[in-house]
Amino acid sequence: MKVQGFLSTRTGGVVTIQPGQTIREAAGLMFQHNIGAVVVLDDQGRIVGILSERDIVRKAVTHDRVFDMAVRDVMTADVVTAVPQDDLMSVAHTMTERRFRHLPIVDEQNNLIGIISIGDVLKAQRDQYRGEIDTLEAQIMAAGT
Amino acid sequence: MSDIGTADHPLRVAIIGAGPAGFYAAEHLFKQKQLSVSVDMYDRLPTPFGLVRLGVAPDHQKIKSVTAVFDRLAQKPNFRFFGYVELGRDLSVADLRNHYHAIIYTTGAQTDRAMNIPGADLIGHHPATEFVAWYNGHPDFRDCQFDLTQERVAVVGIGNVAMDVARILCRTPEELRKTDIADYALEALSQSKVKEVYILGRRGPAQAAFTTPEIKELGEMEDADVFTIPEEVALDPLSEEALAESADRGSMRKVEIIQSYANNRPTGKKRKLTLRFLVSPVELYGDENGHVRAMKLVHNRLVKSSAGSLRAEPTDKTEILQVGLVFRSIGYMGVPLPGVPFNQSWGVILNDGGRVIDPDSKKPVTGEYAAGWIKRGPSGVIGTNKPCAVGTVDLLLEDLQAGALLNPPHPQPEAIAELIAQRQPHFFTYADWQKLDEMEIARGEAQGRPRVKFTSVAEMLAALGKA
């Protein structure tokens with residue numbers, strides 16, 4: 001399965017924020033949309049970072065006033081992205097190996113078109129295995145009749 | 001909350017498309033014990049089961065056994081089948097919205113992805129899906145013509161469909177005669193002059209999508225030798241690393257089998273099947289009559305994407321492959337349904353988890369849902385459509401709880417039945433299908449075959465005495 005197969009069933013846009021906004025605003029967005037990360041875009045719409053709950057917690061350990069800080073000072077600037085043609089299994093491997101839980105998806109022009117979370121990947125894998133088991137079961141049952 | 005779903009006011013659901021996704025959606029609806037539900041399933045063809053009947057290869061009968069599950073579902077008293085009733089031709093979305101609380105589109109992916117290279121319009125270049133529909137007896141494709149006087153054939157792509165097409169081209173008439181392949185296809189393939197078949201994969205053996213049994217099966221054909229090319233099946237460091245990291249024994253076994261075919265020597269069998277890897281067609285060449293005579297292939301190398309997936313990248317090495325017939329099999333695509341929002345980029349109904357989405361407001365279209373390939377695109381095996389359909393039906397049930405389904409003026413089952421009888425008097429019921437099924441099996445028994453299919457609507461109507 002490709003990343004594209006996952007994107008096909010997601011129509012809601014990606015929640016984004018600008019680097020100059022505050023962590024308070026970012027946390028508000030995460031709460032409002034019930035998500036764990038927001039993609040940071042500059043004013044030209046280019047991806048300049050990703051900000052996750054983990055980034056905020058990490059910063060909070062050394063900065064008491066983390067909520068007043070700018071997104072650019074807390075975000076992860078080195079963003080790994082995926083394209084629709086990427087294999088979902090490889091993406092899952094990269095996410096678990098490199099320990100990040102959200103992966104923005106971009107098109108050929110590097111425009112943000114979606115985001116995939118480790119939960120989404122696990123669900124896709126689970127559905128794939130369930131499907132295979134179900135197909136095999138149906139065949140075995142039929143062979144037995 | 002409303003009283004929809006009670007014995008007095010059953011939840012009325014229309015399912016458009018009688019393939020696996022449609023049946024799995026129906027199954028999950030019927031599983032709701034507290035819910036009184038009645039399902040009408042439609043198909044544009046007279047016969048049910050979608051790609052199980054018309055896509056799955058005829059020499060893979062065991063895979064078709066899943067229809068036993070669908071058959072049991074169809075026996076539910078509150079299930080009706082309306083075959084040969086097409087959305088857009090006989091009924092509109094508005095008609096459905098007037099008669100049902102909810103509509104689930106499960107129309108699958110009916111067309112294929114085009115190959116945009118110079119020469120793609122030459123005669124002798126076909127979508128593999130057309131060939132598949134033709135040999136499986138799909139009424140819309142029974143009159144297709146394929147030039148089987150050609151000796152050399154290329155199948156572009158290396159998924160399940162490509163494997164099926166290559167296998168069917170390489171099978172002997174005796175092998176095919178044991179299957180339920182369409183009679184006219186059996187006749188045409190018996191006269192076939194095909195000697196060499198090439199399956200062309202863009203990436204390497206470790207990325208191939210087919211399963212281990214499928215690759216093994218290629219080596220077990222009666223009168224065709226199978227080969228791979230040593231340089232193309234030796235794993236590059238990136239593939240080797242990815243395979244080791246995945247620790248997936250299935251994939252490792254698959255690669256081993258592919259590599260073992262590189263040691264094969266001709267045994268004098270009539271046909272030769274070669275699996276090529278790391279090549280992509282970049283141009284088709286024609287003769288003076290506009291027929292395909294050759295293709296230019298570029299050799300690829302694998303590069304790792306930032307997300308860790310291995311992609312094919314063209315090198316400057318090319319070669320010319322002489323072929324007179326080309327089947328492209330680079331992916332199925334959905335077809336838009338009249339009056340239903342469509343996502344052109346992915347070839348699916350515009351949806352969010354299975355709820356159909358209005359393109360302007362980006363809000364769900366009340367009472368409309370999608371499941372299967374028309375929801376997520378073509379991926380997985382037949383059973384993969386089950387979790388997909390369950391996901392969609394769960395959203396429908398959530399919307400039922402929230403009182404957010406349609407409130408049709410004519411929910412009575414008789415009302416829509418009357419309308420259908422007017423619009424398409426030749427519609428087929430499930431009982432009609434069961435009769436056809438029995439007749440097909442009986443015709444097959446006489447010849448030692450699983451069944452002999454009816455392949456035209458006229459033939460089916462006549463067999464039922466409806467013509």
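Helix α5 of chain B, spanning residues 128-135, has 7 of its 8 residues buried, so the rest of the structure largely encloses it. This description rests on a predicted model. The buried positions of α5(B) are B:A128, B:T129, B:F131, B:V132, B:A133, B:W134 and B:Y135. After the helix comes B:G137, a residue with a positive phi, near 80°.

The interior of the model can be followed further through its nonpolar cores. The largest of them has 65 residues. Within this core, the residues with the most contacts are B:V13, B:I15, B:A25, B:A102, B:I103 and B:I104. The element that contributes most to it is helix α1 of chain B, residues 20-30, which supplies 6 residues. One of the residues named above, B:A25, shows how distant parts of the sequence meet here. When its neighbours within four places in sequence are set aside, B:A25 is in contact with B:I15, B:I104, B:T106, B:A371, B:A389, B:T392 and B:V393. Another core, of 62 residues, lies apart from the largest one. Its members include B:A57, B:V155, B:L169 and B:V292.

Attention may now turn to the place where the two chains meet. Chain B brings 37 residues to the contact, and chain A brings 32 residues. On the side of chain B that touches chain A, the elements giving two or more residues are α3 (67-74), α11 (237-246), β18 (351-352), α13 (373-376) and α14 (385-401). By character, the residues on that side of chain B comprise 14 nonpolar, 15 polar and 8 charged.

The partner on the other side of this contact, chain A, is built from 5 helices and 5 strands. Read from the N terminus, its elements follow the order α-β-α-β-β-α-α-β-β-α. Chain A has a radius of gyration of 18 Å, whereas the globule rule gives 15 Å for 145 residues; the value is well over that figure, so chain A is more spread out than a compact globule. Taken along the principal axes, the box filled by its C-alpha atoms is roughly 70 × 35 × 25 Å.

Two further values complete the picture of chain A. Of its 145 residues, 37% count as buried. Among the contacts in chain A between residues at least 6 apart in sequence, 56% join residues that are at least 24 apart.

Key:
Residues are numbered from 1 along each chain as its sequence is written. Chains are lettered from A and ligands numbered from 1 in the order in which they are written. This is a predicted model: local features need pLDDT of at least 70, side-chain atom pairs count only at pLDDT 80 or more; totals for chains, interfaces and linings use all residues. A nonpolar core is a set of buried Ala, Val, Leu, Ile, Met, Phe, Trp, Tyr and Cys residues joined through C-beta atoms within 7 Å. A residue is buried if 20 or more other C-beta atoms lie within 10 Å of its own, exposed if 12 or fewer, and partly exposed in between; C-beta atoms are placed from the backbone. Helices (H or I, at least four residues) and strands (E, at least two) are DSSP runs, numbered from the N terminus. Two residues are in contact if their C-beta atoms, placed from the backbone, lie within 7 Å. Ala, Val, Leu, Ile, Met, Phe, Trp, Tyr, Cys and Pro count as nonpolar, Asp, Glu, Lys and Arg as charged, and the others, Gly among them, as polar. The radius of gyration is taken over C-alpha atoms; the globule rule is 2.2 Å times the number of residues to the power 0.38.
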